[in-house]
Amino acid sequence: MKRILLIVGGGIAAYKACELVRLLRKAGHEVRCVLTEGGSHFVMPMTLAALSEDKVYTTLWDLKDEAEMGHIQLSREADLVVVAPATADLLARMAGGIADDLATTLLLATDKPVLAAPAMNVRMWRHAATRRNIDQLRADGVTVMTPDEGAMACGEYGPGRLPEPAAIVAAIEALLTPHVTPLAGRHVLVTAGPTHEPIDPVRYIANRSSGKQGFAIAGALARLGARVTLVAGPVALPTPHGVERIDVETAREMAAAVEHSLPADAAVMVAAVADWRAEDAAAQKIKKAGGGTPTLRLAENPDILATLAHGTRRPRLVIGFAAETEKVLDHAAAKRARKGADWIVANDVSGDVMGGDANTIHIVTVDGVEDWERLPKEAVAARLAERIAEALA
Ligand code: CTP
């Protein structure tokens with residue numbers, strides 16, 4: 001049993017907070033609800049009081065509460081503070097350290113972990129100000145969930161829906177579970193995403209890598225206590241909590257960043273590095289005028305994985321990825337030997353893997369092949385991080 005302080009913000013998704021309270025109570029937790037002024041326009045205090053079997057707090061100026069229990073005590077008595085739905089406005093006030101109502105005062109006064117489940121219109125979610133606020137909150141140690149994608153109450157479509165109450169409960173349980181940190185004191189290097197190889201100032205060679213799997217692995221390693229350096233190609237993904245990120249564009253920049261980040265105990269090379277670059281990238285935009293079709297001469301990029309695995313500063317565990325469209329295991333085994341990796345994580349990318357949210361992988365080691373069932377990329381990451389922890393133990 002844990003004590004959860006639930007702050008319900010003012011959004012249409014506030015009705016889902018009722019279901020969240022019910023699920024948390026069912027899981028055996030005590031829930032105490034704080035309703036913002038906006039929230040009280042969407043759900044009745046009475047509903048939350050009945051579901052939580054406790055008083056619902058709505059205002060800072062309730063002197064009786066201050067006499068019975070000050071706002072500091074209210075915020076610290078909990079094991080975890082949850083904000084659901086976290087509106088754009090509430091997130092902005094949290095990020096700015098503003099304390100102008102009971103909810104934000106509690107959030108500023110708490111010394112407990114905070115989980116925010118955002119819900120807002122897709123444009124508000126994508127607005128630069130919200131992006132900035134989310135980055136700030138994550139940097140401050142707040143766990144901000146990614147909203148669901150789908151049809152919105154306002155008729156638009158996109159990310160911004162409150163995550164399902166069951167998913168919020170899962171995130172709560174994860175935060176309440178004592179941290180096992182088998183990778184504490186270890187440094188793990190991860191590469192992720194594609195690389196962009198310029199042809200001229202406006203054109204480049206790229207590939208379909210989304211970076212999702214590599215970012216998930218970096219986050220999973222950090223959760224196990226590792227110091228993680230993530231060398232990321234051009235992707236628009238948020239940096240996982242606790243991960244140090246170096247943004248690069250080209251394969252050669254990625255190679256330099258990897259070299260610069262050594263020594264490491266392990267390296268997980270998930271990036272889909274471009275094998276070739278334009279030999280002579282044009283300094284000015286190549287024009288059509290003049291006739292003829294330009295010929296692109298390619299030069300081979302450095303193999304970052306092979307260089308690392310055969311180098312003098314080789315991490316103890318070197319893991320490569322192999323995205324294949326045919327003869328997956330044969331190619332992966334050959335790649336492992338050729339590149340000098342300890343493991344190759346092989347996947348068949350002939351389907352919807354690139355950019356998708358699930359992955360079916362095979363771990364190819366010197367001892368043979370281990371097949372994993374199709375799993376969400378986050379689950380692949382968590383399991384792989386555990387395997388890495390075992391190997392380094
Ligand atoms: N890799 C790398 N540097 C490169 C190319 C690939 O570090 N220049 C790494 C990738 O991060 C991945 C592994 O090598 O971990 C395999 O990448 P892949 O593109 O499948 O290998 P290639 O050598 O390019 O083989 P292929 O002939 O299949 O393209």
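Buried here means under 20% relative accessible area, exposed means over 50%, and partly exposed covers what falls in between. Please keep in mind that the views below show a predicted model.

**Figure 1. Cys 18 and Cys 33, two cysteines without a disulfide between them.** Let us begin with the sulfurs. A disulfide is a covalent bond between the sulfur atoms of two cysteines. A search of the whole structure turns up zero of them. For Cys 18, the closest cysteine sulfur belongs to Cys 33 at 8.3 Å, which is too far for a bond, because the cut-off for a disulfide is 2.5 Å. Seen from the other side, Cys 33 has the sulfur of Cys 18 as its nearest cysteine sulfur, again 8.3 Å away. Cys 18 has a relative accessible area of 13% and is therefore buried. Cys 33 is buried too, with a value of 0%.

**Figure 2. The salt bridge between Glu 77 and Arg 32.** Here the two side chains come together at 2.9 Å, N to O. Arg 32 belongs to strand E2 (residues 30-35), whereas Glu 77 sits in the loop between helix H4 (71-76) and strand E4 (80-86), so the pair ties together parts that are 45 residues apart in sequence. Glu 77 is partly exposed, at 26% relative accessible area. As a wider setting for this view, the structure holds 21 salt bridges.

**Figure 3. Asp 200 and Arg 203, partners in a salt bridge.** How far apart are the N and O of this pair? The distance is 2.4 Å. Buried or partly exposed: how does Asp 200 count? Asp 200 is buried, with a relative accessible area of 2%. Its partner, Arg 203, is partly exposed at 35%.

**Figure 4. Arg 387 meets Glu 370 in a salt bridge.** The N to O distance for these side chains is 2.7 Å. Arg 387 comes from helix H14 (residues 377-392) and Glu 370 from strand E21 (residues 368-371), so that distant parts of the chain, 17 residues apart, are linked. With a relative accessibility of 33%, Glu 370 counts as partly exposed.

**Figure 5. Helix H5 (residues 88-96) and its buried residues.** Take a moment to find Ala 88, Leu 90, Leu 91, Arg 93, Met 94 and Ala 95, the buried residues of this helix. They pack against strand E1 (3-8), E4, helix H6 (102-109), strand E5 (114-118), helix H7 (122-126) and helix H8 (128-139). One of these buried residues, Arg 93, also takes part in a network of salt bridges with Asp 89, Asp 100 and Asp 101. Just after H5, look for Gly 97, which takes a positive phi of about 70°.

**Figure 6. The whole protein, as a setting for the close-ups, with its 14 helices and 22 strands.** The C-alpha trace spans about 75 × 55 × 35 Å along its principal axes. Of the 393 residues, 49% are buried. Among contacts between residues at least 6 apart in sequence, 66% join residues at least 24 apart. The accessible surface comes to about 19200 Å², and carbon and sulfur atoms account for 53% of that area. As for charge, the protein carries 43 positive and 49 negative charges, whose mean positions are 3 Å apart.

Note on methods. Residues are numbered from 1 along each chain as its sequence is written. This is a predicted model: local features need pLDDT of at least 70, side-chain atom pairs count only at pLDDT 80 or more; totals for chains, interfaces and linings use all residues. Side-chain values use heavy atoms; hydrogens and water are left out. Buried means under 20% relative accessible area, exposed over 50%, partly exposed in between (1.4 Å probe, protein chains only). Helices (H or I, at least four residues) and strands (E, at least two) are DSSP runs, numbered from the N terminus. Contact means heavy atoms within 4.5 Å. Accessible areas come from the Shrake-Rupley method with a 1.4 Å probe; for residues, only the protein chains shown count as cover. Lys and Arg count as positive and Asp and Glu as negative; His and the chain ends are not counted. The place of a charge is taken as NZ of Lys, CZ of Arg, CG of Asp or CD of Glu. A salt bridge is a side-chain nitrogen of Lys or Arg within 4 Å of a carboxyl oxygen of Asp or Glu.
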